[in-house]
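Follow the strands through this predicted model. Two sheets are taken in turn, each from its overall order down to single residue pairs.

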Amino acid sequence: GAMDLSAYLALDAEAVTRGHPLLLLKVLDPKPQSVLGDLYFEVHEEKQEVYVVTHVDPDAWPDGIGKIRFGMDQQQRAGHADDGAFRDAYREAVADYERVRRQIDAAAASADGDLTTIEKRLRNAMEAFTAVRDLRVGDVVRVPTWTPHSLQHGVRVVEFQTPTYERYIISFAQRVLTQDHWDTDHAVTNMRLDPPSPEQFEKVADGIERIARFSDFNVWRATLADAPLTLPAHIPYAVCMCIDGTIMVGNLRLTAEEAALIPATGIDHSKVTGPGRVLVAAPDL
């Protein structure tokens, strides 16, 4: 049968998750159009994000390689007298862009061609301060605190996270609808300037890596061929999501970007088999 997830979770918390809070699985699915689909350039003070790329739109990125704005451009940084001067120059570039952005937002559809030409020039000048990273399906991106980032158009990711919400918006190439201000000064003052370290994952077993470790839960990425993945008996529940291929969770079939909750009562008899790649998230994993 079928029932709402919220109703199922309310039936018996001990049987479903052994009383543990349920982790949040969130999908970010930007539109495929350039600029229109680019997300906020932002930082987080406490929240640490982990993205796993599940789809790269072929119309937006014909070569299958998408993008994320990630950190600051180190050549631009080296071209300034010191980091304080770099922050000041970037802050000024963002302020110049925001003034024009707000003029366009106020004018809406009636914005003239001269104003949109200025907007593009100032946006390019502002974005020249930032670094860009390539993304392919299956890639993992850890976003440390205070690291500026903006997922670009046409790149869909799944994000495993604790149910925490906080952000500081540095800039945005559209009207901001979630708040009435940008947080540029605070974000630029505190943002990390050093490039994020390359991801290094813990090997759990052949074909299995721990790609995220949080206080509440961890995440594995497993490549399954012939041997099944047996979930540890001690975990209170698990969330499984197929990256690609065909994954069987017990007798439930998952294809790319489909996910399933394995409750506490199902851990002991749920084998995860391939062929394909799967993400598994659970407390104490």
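**The two sheets, strand by strand**

Begin with an open sheet of four strands. Its order is β1-β8-β3-β6, and the pairing is antiparallel. Two strands sit at the edges: β1 (24–28) and β6 (140–143). Each of these pairs on one side only. From one strand to the next, the twist averages 25°.

Now look at the β1 edge. Strand β1 pairs with strand β8, residues 155–161, in the antiparallel sense. Five bridges connect β1 and β8. For a single point of reference, find Leu-25: Phe-160 in β8 stands opposite.

Move on to the other sheet. Here six strands form an open sheet, again with antiparallel pairing. Read across, the order is β10-β11-β12-β19-β14-β17. The edges belong to β10 (202–205) and β17 (259–262), each paired on one side only. Neighbouring strands in this sheet are turned against each other by 25° on average, direction ignored.

Start at the β10 edge. Three bridges pair β10 with strand β11, residues 208–213, in the antiparallel sense. Glu-202 has Arg-210 in β11 as its bridge partner. The two strands β10 and β11 form a hairpin, with two residues between them. Gly-207 lies in the turn and has a positive phi of about 80°.

Then step across to β19 and β14, which are neighbours in the strand order. Strand β14 covers residues 238–245, and strand β19 covers residues 276–282. They run antiparallel and are joined by six bridges. Cys-240 marks a spot in this pairing: it stands opposite Val-280 in β19.

Methods: Residues numbered from 1 in each chain as written. Predicted model: local features only at pLDDT ≥ 70, side-chain atom pairs only at ≥ 80, totals over all residues. Heavy atoms only, no water. Pairing = 2+ DSSP bridges. Axes fitted to C-alpha atoms, helices over the stretch in contact; angles between N-to-C directions.
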